[in-house]
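The following exercises concern a predicted model. Please study the sequence and the structure, attempt each task, and then consult the solution.

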Amino acid sequence: MADRYIISNAPRLAPASLLARSLAIYIARMPIIGFLAQKGGAGKTTLAVHLAVLAGDALLVDLDPQRSAAEWWESREAELPELAVGEARDLSKALAATRRPWVLIDTAPHAAEAARVVAELADMVVIPTRPGIMDLRAIRATVEIAIAAKKSAAIVLNACPAGRGAAEASVTAEARQALMAYGLPVAPVAVIQRAAFSHALNDGRAVTEFEPEGKAADELHRLWEWISAEARTPSSQRHQRSR
Ligand SMILES: Nc1ncnc2c1ncn2[C@@H]1O[C@H](COP(=O)(O)OP(=O)(O)OP(=O)(O)O)[C@@H](O)[C@H]1O
Ligand SMILES: [Mg+2]
């Protein structure tokens with residue numbers, strides 16, 4: 001079993017330590033990706049654990065008191081990702097302690113203050129949403145948190161109906177259209193609603209491990225390729241590209 005940081009009772013860091021940690025992260029250029037959505041059930045945990053597996057040498061941080069990611073990790077046999085559980089106020093401690101080149105942070109719904117802390121510390125905010133109109137409207141608060149933190153952010157459409165052949169389902173295409181109003185990039189890969197996710201998560205795996213040649217695995221590989229490239233792109237270049 002991999003080592004595990006229990007950071008829920010960690011002491012708060014002094015300002016000087018915070019500065020040192022920020023400097024260390026800057027030097028190491030460790031991409032930190034926070035998965036935020038104030039609405040429950042959007043796919044934060046599903047995406048965070050799957051992309052942590054694809055990142056390979058990664059720290060997965062579970063800040064949600066439901067501990068869904070941690071429970072998935074407990075039922076897992078593989079060493080990686082490493083896991084840290086705790087509260088948002090302890091996040092800097094977990095970040096300072098890890099040497100992993102990737103950090104993926106799963107967060108709780110209905111926790112705006114914690115989401116703000118994650119958005120401040122992350123290099124990139126990923127906002128999952130289902131494609132229904134109520135879901136699309138509900139991410140407004142999360143989009144505002146990402147924009148206020150001046151962080152790179154992207155929306156990922158999740159649990160979408162399957163399209164025909166290479167074409168996306170009309171619901172997904174309409175959702176892309178509606179999401180343009182937020183002015184944030186939307187990942188070109190939409191994650192389809194597939195039973196493989198439940199099967200894989202049930203025994204501590206990712207779909208890329210459960211069914212490596214399956215459609216869900218293919219989508220997740222392509223999604224990670226896009227998100228990891230976005231997270232590695234310096235923010236100055238990102239701004240230029242989006243103009
Ligand atoms: N693409 C998908 N295909 C099939 N099932 C999915 C997919 N995405 C998510 N689910 C399922 O939907 C449910 C909610 O997903 P998940 O737990 O990832 O959302 P969440 O945003 O983390 O929710 P919460 O806010 O409650 O933490 C879970 O049962 C999950 O297995
Ligand atoms: Mg969750």
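**Exercise 1. The ligand shell**

How many residues surround ligand 1, and which are the closest?

*Solution.*
Step 1. The shell of ligand 1 consists of 20 residues.
Step 2. The closest of these are Gly40, Lys44, Thr45, Thr46 and Pro109.
Step 3. Sorted by class, the shell holds seven nonpolar, 10 polar and three charged residues.
Step 4. Two helices, helix 2 (44-55) and helix 9 (195-202), each contribute at least two residues to the shell around ligand 1.

**Exercise 2. Helix 2 and helix 11**

Determine how helix 2 is oriented towards helix 11, and identify the residues through which the two helices meet.

*Solution.*
Step 1. Helix 2 packs against helix 11 (residues 215-232) at an angle of about 80°, and their axes are 10 Å apart.
Step 2. Angles of 65 to 115 degrees count as roughly perpendicular. Helix 2 is therefore roughly perpendicular to helix 11.
Step 3. From helix 2, the residues His50, Leu51 and Leu54 take part; they meet Leu220, His221, Trp224 and Ile227 of helix 11.
Step 4. The residues of this contact comprise five nonpolar, two polar and no charged.

**Exercise 3. Helix 5 and helix 7**

Describe the packing of helix 5 against helix 7, including the handedness of the crossing.

*Solution.*
Step 1. Helix 5 (residues 112-121) and helix 7 (residues 140-148) form an angle of about 35°, with 9 Å between their axes.
Step 2. Their crossing is right-handed.
Step 3. On the side of helix 5, Ala112, Ala115, Arg116 and Ala119 are involved, and they meet Ala141, Thr142, Ile145 and Ala146 in helix 7.
Step 4. By class, the contact of helix 5 with helix 7 has six nonpolar residues, one polar and one charged.

**Exercise 4. The surroundings of helix 5**

Which residues of helix 5 are buried, and what covers them?

*Solution.*
Step 1. A residue is counted as buried if 20 or more other C-beta atoms lie within 10 Å of its own.
Step 2. In helix 5, Ala114, Ala115, Val117, Val118, Ala119 and Leu121 are buried.
Step 3. Their cover includes helix 7 together with helix 4 (91-97), strand 2 (32-35), strand 5 (102-106) and strand 6 (124-129).

**Exercise 5. The whole protein**

Summarise the protein in terms of its helices and strands, its buried residues and its contacts.

*Solution.*
Step 1. The protein contains 12 helices and seven strands.
Step 2. Of its 243 residues, 45% are buried.
Step 3. Among contacts with a separation of 6 or more, 75% are made by residues 24 or more positions apart.

How values were computed:
Residues are numbered from 1 along each chain as its sequence is written. Chains are lettered from A and ligands numbered from 1 in the order in which they are written. This is a predicted model: local features need pLDDT of at least 70, side-chain atom pairs count only at pLDDT 80 or more; totals for chains, interfaces and linings use all residues. A residue is near a molecule or strand if its C-beta atom, placed from the backbone, lies within 6 Å of it. Helices (H or I, at least four residues) and strands (E, at least two) are DSSP runs, numbered from the N terminus. Ala, Val, Leu, Ile, Met, Phe, Trp, Tyr, Cys and Pro count as nonpolar, Asp, Glu, Lys and Arg as charged, and the others, Gly among them, as polar. Axes are lines fitted to C-alpha atoms, for helices over the stretch in contact, and angles run from 0 to 180 degrees between N-to-C directions. Angles under 35 degrees count as roughly parallel, over 145 as roughly antiparallel, 65 to 115 as roughly perpendicular and the rest as oblique. Two residues are in contact if their C-beta atoms, placed from the backbone, lie within 7 Å. A crossing is left-handed if the near helix is turned anticlockwise from the far one by less than a right angle, and right-handed if clockwise. A residue is buried if 20 or more other C-beta atoms lie within 10 Å of its own, exposed if 12 or fewer, and partly exposed in between; C-beta atoms are placed from the backbone.
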